[in-house]
Amino acid sequence: MRIGLMTGGGDAPGLNGIIEAASRALIGNGHEVIGILDGFDGVFTNRTREIKWNEINGIHADAGTFLGTSNKTKIIGRADEFQAQYAKLKLDGLIAAGGDGTFIGIQRIAPNLPIIGVPKTIDNDLQGTEVTFGYDTAISVVSDAVDALRKTANSHHRVMIVETMGRTAGWIALGGGLASYADAILIPERPFSRPKLAEFLNRRHAEGIPGMVLVVSEAAKADGENAVFDEIAGSIHGVRFGGIAERIARWVETTTPWEARHVVLGHLQRSRAPTTTDRFLTAALGLKAASLAMQKKWGTAVVYREGRVIEAPLTDIQGPPRMVDPEHRWVKSCQSLGIFI
Ligand code: F6P
């Protein structure tokens, strides 16, 4: 068969692991693998490259995606054009690693495409799977940052506020903050009370803690307030979150005795080489995707449930974002550790 491989949406550590694992299995079984460049863009503009074994050997350890990606391609109203361009690629089927934009997009413009979906996002907020690859690497970046910033926070007797990605759900802030025992974790699923946060910061100050590190998700918000996002009127790039850590730092300085600074981790969370955990996960997901393609089980997804990589209907990963349950067991762990959440 001639199988297409595409990576769509924001990059995530582990995408190259999917590419390497799936390609090794397919090429090893005598199939042709055609990489589509830059996600949907590559279909619209007919840009592909045949994937050869020697080019992908070892790329699983690299961040980014060997094929390039795009999270801004306009697809609405372009279904006919997409399908006509896709037909030119003469593929028997497609393995696509992507997030909500990719799979909801495919549902809209080419619902009958013979496709195997691999859920991908550092945000860990896709339905149908318990974890997405890239998440473990992203929260390692967050926890490393918190551990490091605690030293300067303590030296200067400051509050350091670390802003994480997660435009919808708070998984990155929660996982990274819990792993590093951050002093407070603010996530969108649990809007925070300004008076209670001020009281907590004042209390810790009075107790003589040398410094503090707070982790805040970019989409977090205070009770009754909106999340902070950059409203570039008419921007074709859409809404972009960011800025809450800076706002909170200013508020801390005007409301409590603490001096405060903020750090935005931004795309550093997406650009580190994948952790071993993510490499194991992408090897299993990539191999499973190749196996489903070879069995022509189109319309399925590879997901992680109860410790195993299994197949599921593609529709399982096409739902709305998977938010953190406000009473999730990690939230309870935070509370037991004395973390403000
Ligand atoms: O992949 C999702 C995400 O990481 C969000 O958490 C974040 O808001 C967004 O991507 C930013 O992506 P970009 O700057 O590439 O549009």
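In this predicted model, helix H11 makes the greatest contribution to the lining of the second largest pocket, to which it gives four residues. The space in this second largest pocket amounts to about 310 Å³. Its lining is made up of 15 residues, and those closest to the centre of the pocket are Asn 124, Glu 130, Val 131, Tyr 304 and Trp 330. Two or more lining residues come from each of helix H6 (135-156), helix H11 (276-294) and helix H12 (329-336). When the lining of the second largest pocket is sorted by class, seven residues are nonpolar, three are polar and five are charged.

Helix H11 also takes part in the packing around a sheet, and the sheet itself is described before that packing. The sheet is open and is formed by seven strands, which follow one another in the order E3-E2-E1-E4-E5-E12-E13 with mixed pairing. Strand E3 (48-50) and strand E13 (308-313) lie at the edges, where each has a single partner strand, so one side of each remains without a neighbour in the sheet. On average, and with direction ignored, neighbouring strands of this sheet are turned by 25° against each other.

Within the sheet, strand E4 (residues 93-98) is paired with strand E5 (residues 115-119) in the parallel sense, and the pairing extends over five bridges. As part of this picture, Ala 96 stands opposite Gly 117, a residue of E5. Helix H5 (residues 100-109) packs on the sheet and touches strand E1 (2-7) as well as E4 and E5, and the direction of the helix makes about 155° with that of E5. Helix H11 likewise packs on the sheet, where it touches E1, E4, E5, strand E12 (300-305) and E13, while its direction makes about 150° with that of E12.

Helix H6, which is among the elements that give two or more residues to the lining of the second largest pocket, also contains Ile 139. The relative accessible area of Ile 139 is 13%, and this residue is therefore classed as buried, the cut-off being under 20%. Apart from neighbours within four places in sequence, Ile 139 is in contact with Trp 171, Ile 172, Gly 175 and Gly 176. A further relation in space links Ile 139 to Thr 164, since the two residues are 25 residues apart in sequence and 9.1 Å apart from C-alpha to C-alpha.

Note on methods:
Residues are numbered from 1 along each chain as its sequence is written. This is a predicted model: local features need pLDDT of at least 70, side-chain atom pairs count only at pLDDT 80 or more; totals for chains, interfaces and linings use all residues. Side-chain values use heavy atoms; hydrogens and water are left out. On a 1 Å grid over the protein atoms alone, a cavity is a set of points where a 1.4 Å probe fits but cannot get out, and a pocket is an open set with protein on both sides within 12 Å along at least five of seven lines; lining residues have an atom within 4 Å of a point. Grid points are joined across faces, edges and corners, and a volume is the space filled by probe spheres set on the points. Ala, Val, Leu, Ile, Met, Phe, Trp, Tyr, Cys and Pro count as nonpolar, Asp, Glu, Lys and Arg as charged, and the others, Gly among them, as polar. Two strands pair if DSSP finds at least two bridges between them. Axes are lines fitted to C-alpha atoms, for helices over the stretch in contact, and angles run from 0 to 180 degrees between N-to-C directions. Contact means heavy atoms within 4.5 Å. Buried means under 20% relative accessible area, exposed over 50%, partly exposed in between (1.4 Å probe, protein chains only).
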